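User: I've got a model open and I'd like to know what stands behind the labels people put on it. Can you take me through a few?

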Amino acid sequence: MTMAKVALTIPTDVLSLAKKKVRAGRAKSLSAFVSDALDEKLRRDELTEILDSMDAQHGKPGKAARAWARRVLER
């Protein structure tokens, strides 16, 4: 994977929390932690777009469908 170096400006409290997570072993470096967070955000946004498209095409799920999904996801 090709990497690029960037400069970011983020709130100091967010940076402190991220550094604590890295020290706790959540990621091997701050760069890896930020990269993982960006990747997760991009994937969530993509999923939201897919779900919004499905809602537009088929309508939002009804109460029974949401209850079924909750039961299935609890397994």
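**Behind the labels**

Analyst: Sure. Keep in mind that this is a predicted model. A search of the whole structure turns up four salt bridges.

User: What makes Asp39 and Arg43 a salt bridge?

Analyst: Their closest N and O atoms are 2.9 Å apart, and the cut-off is within 4 Å, so the pair qualifies. Asp39 and Arg43 are four residues apart in helix α2, which means about one helical turn separates them.

User: How do you know that Asp55 and Lys60 form a salt bridge?

Analyst: Their N to O distance is 3.7 Å. The limit is 4 Å, so that pair counts too.

User: Why is Lys60 called exposed, and why is Asp55 called partly exposed?

Analyst: Lys60 has 68% relative accessibility, and exposed means over 50%, so the label fits. Asp55 has a relative accessible area of 23%; that lies between the 20% and 50% cut-offs, so Asp55 is partly exposed.

User: What makes Leu8 exposed?

Analyst: Leu8 sits in the segment before α1. Its relative accessibility is 56%, and the cut-off is over 50%, so Leu8 counts as exposed. Leu8 also belongs to a nonpolar surface patch with Val6, Ile10 and Val14, with about 370 Å² of accessible area together.

User: Which residues lie nearest the centre of the largest pocket?

Analyst: Those are Ala4, Val6, Leu8, Ser31 and Val34, out of 14 lining residues. The pocket's volume is about 480 Å³, and its lining has 10 nonpolar, three polar and one charged residues.

Methods. Residues are numbered from 1 along each chain as its sequence is written. This is a predicted model: local features need pLDDT of at least 70, side-chain atom pairs count only at pLDDT 80 or more; totals for chains, interfaces and linings use all residues. Side-chain values use heavy atoms; hydrogens and water are left out. Patches are made of residues with over 30% relative accessible area and no salt bridge: like charges are joined within 9 Å, nonpolar side chains (Val, Leu, Ile, Met, Phe, Trp, Tyr) within 5 Å. Accessible areas come from the Shrake-Rupley method with a 1.4 Å probe; for residues, only the protein chains shown count as cover. A salt bridge is a side-chain nitrogen of Lys or Arg within 4 Å of a carboxyl oxygen of Asp or Glu. Helices (H or I, at least four residues) and strands (E, at least two) are DSSP runs, numbered from the N terminus. Buried means under 20% relative accessible area, exposed over 50%, partly exposed in between (1.4 Å probe, protein chains only). On a 1 Å grid over the protein atoms alone, a cavity is a set of points where a 1.4 Å probe fits but cannot get out, and a pocket is an open set with protein on both sides within 12 Å along at least five of seven lines; lining residues have an atom within 4 Å of a point. Grid points are joined across faces, edges and corners, and a volume is the space filled by probe spheres set on the points. Ala, Val, Leu, Ile, Met, Phe, Trp, Tyr, Cys and Pro count as nonpolar, Asp, Glu, Lys and Arg as charged, and the others, Gly among them, as polar.
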